[in-house]
Amino acid sequence: MGAPGAPGSPGPKGLPGEPGEEGRYKQKHQSVFTVTRQTTQYPAANGLVKFNVAITNPQQDYSLSTGMFTCRVPGLYYFVYHTSQTANLCVVLYRNGAKVTTFCDHMSNSRQVSSGGALLHLQVGEQVWLAVNDYNGMVGTEGSDSVFSGFLLFPD
C-alpha cells in the first residue's frame with residue numbers, strides 16, 4: 001500500500017443544528033403569582049379563601065375564580081401569605097386537599113398582620129390553596145392588604 005494522498009476538498013455544508021436552550025434570563029419554565037384579597041368581609045368559616053385581584057399572574061397559574069394555584073411546571077415552589085386581620089385568624093395551606101401547614105394568630109390589637117410560608121415540591125396538576133377554620137378574621141382593605149404569592153424556585 002502506498003502513501004496517503006492529498007486531502008480532498010471540504011464537503012457540502014451540513015444542515016443547521018437544533019437551537020440551544022434560552023439563557024437564564026428568559027427561562028421557559030416560569031411560574032409566579034401575587035394576588036390580593038380586597039374586601040372587608042371575612043372568608044367563610046372552614047372554607048377556601050379566594051383572592052380576587054391579581055397583582056401579577058402572567059402564566060395564569062392562580063385562578064381568581066377557584067382560588068387555587070395549579071402546577072403546570074414541576075419543581076420546587078415557595079408559597080407565602082401576609083394577611084391583615086381584625087379578629088382571630090387561622091390560615092391553612094392545602095396541597096391537593098391535604099393540610100400542609102396551619103398558622104394561627106390570636107388578636108391582641110384592633111388590627112394585626114399574620115404571615116406564613118412553605119416550600120413544596122409539586123408535580124403537574126397538583127393544586128395549592130389557602131383556607132381558614134372557624135377563626136376567619138382575614139380582611140383586605142386599602143392600607144391593610146392580604147396577599148398570597150407563589151413562585152417556582154427550581155424546575156425539575
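# A tour from strand E4

Begin by selecting E4 and E6, which pair in the antiparallel sense over eleven bridges. What you have open is a predicted model. E4 covers residues 75–95, and E6 covers residues 112–122. To see one point of this pairing, select Ser-84 and look across to Val-113 in E6, which stands opposite.

Stay in E6 and select Ser-114. Is Ser-114 buried or exposed? Its relative accessible area is 6%, which is under the 20% limit, so Ser-114 counts as buried. Now show what surrounds Ser-114. Leaving aside neighbours within four places in sequence, its contacts are Tyr-81, His-82, Thr-83, Gln-85, Leu-89 and Asp-105.

**Other partners of E4**

Keep E4 selected and add strand E8, residues 147–155. The two strands run antiparallel and are joined by eight bridges. Select His-82, one of the contacts of Ser-114; in E8, Val-147 stands opposite His-82.

Next add strand E7, residues 127–139. E7 also runs antiparallel to E4, and eight bridges join them. Pick Leu-89, which is another contact of Ser-114. Which residue of E7 is the bridge partner of Leu-89? It is Asn-136.

Then add E5, residues 98–105. E5 is antiparallel to E4 and is joined to it by seven bridges. Select Val-91 to find its bridge partner in E5, Phe-103. Follow the chain to the turn: E4 and E5 form a hairpin with two residues between them. Asn-96 lies in this turn and has a positive phi of about 50 degrees.

**The cavity**

Now turn to the empty space inside the model. Rolling a probe the size of a water molecule over the atoms shows where such space is left. How many cavities of 30 Å³ or more does a search of the whole structure find? The search finds one. The largest cavity holds about 40 Å³ of space.

To display its lining, select Phe-79, Val-80, Tyr-81, Leu-93, Thr-101, Phe-103, Gly-116, Gly-117, Ala-118, Leu-130 and Phe-148. Colour this selection by element: E4, E5 and E6 are the ones that give two or more residues to the lining. E4 provides the largest share, four residues. Recolour by residue type, and the lining divides into eight nonpolar residues, three polar and no charged. Two lining residues have come up before on this tour: Tyr-81 is a contact of Ser-114, and Phe-103 is the bridge partner of Val-91.

**Aromatic rings**

Show the aromatic side chains next. The structure holds 13 aromatic pairs. One cluster is formed by Phe-33, Phe-51, Tyr-62, Phe-69, Tyr-77, Phe-79 and Phe-148. Phe-79 and Phe-148 were selected in the previous stop, as they belong to the cavity lining.

**Last stop: His-29**

Finish with His-29, in the segment before strand E1 (32–36). How much of His-29 is accessible, and what is it called? With a relative accessible area of 46%, His-29 is partly exposed, because this class runs between 20% and 50%. Show its contacts, again leaving aside neighbours within four places in sequence: they are Val-73, Leu-152 and Pro-155. Leu-152 and Pro-155 fall in the residue range of E8.

For a final distance, select the C-alpha atoms of His-29 and Asn-96, the turn residue of the hairpin. These atoms are separated by 22 Å, and the two residues are 67 residues apart along the chain.

Note on methods:
Residues numbered from 1 in each chain as written. Predicted model: local features only at pLDDT ≥ 70, side-chain atom pairs only at ≥ 80, totals over all residues. Heavy atoms only, no water. Phe/Tyr/Trp six-rings, centres within 6.5 Å; stacked < 30°, edge-to-face > 60°. Buried < 20%, exposed > 50% of the residue type's maximum accessible area, 1.4 Å probe, protein only. Contact = heavy atoms within 4.5 Å. 1 Å grid on protein atoms, 1.4 Å probe; cavity = no way out; pocket = protein on both sides within 12 Å on 5 of 7 lines; lining within 4 Å. Points joined across faces, edges and corners; volume = space filled by probe spheres on them. Nonpolar A, V, L, I, M, F, W, Y, C, P; charged D, E, K, R; others polar. Pairing = 2+ DSSP bridges.
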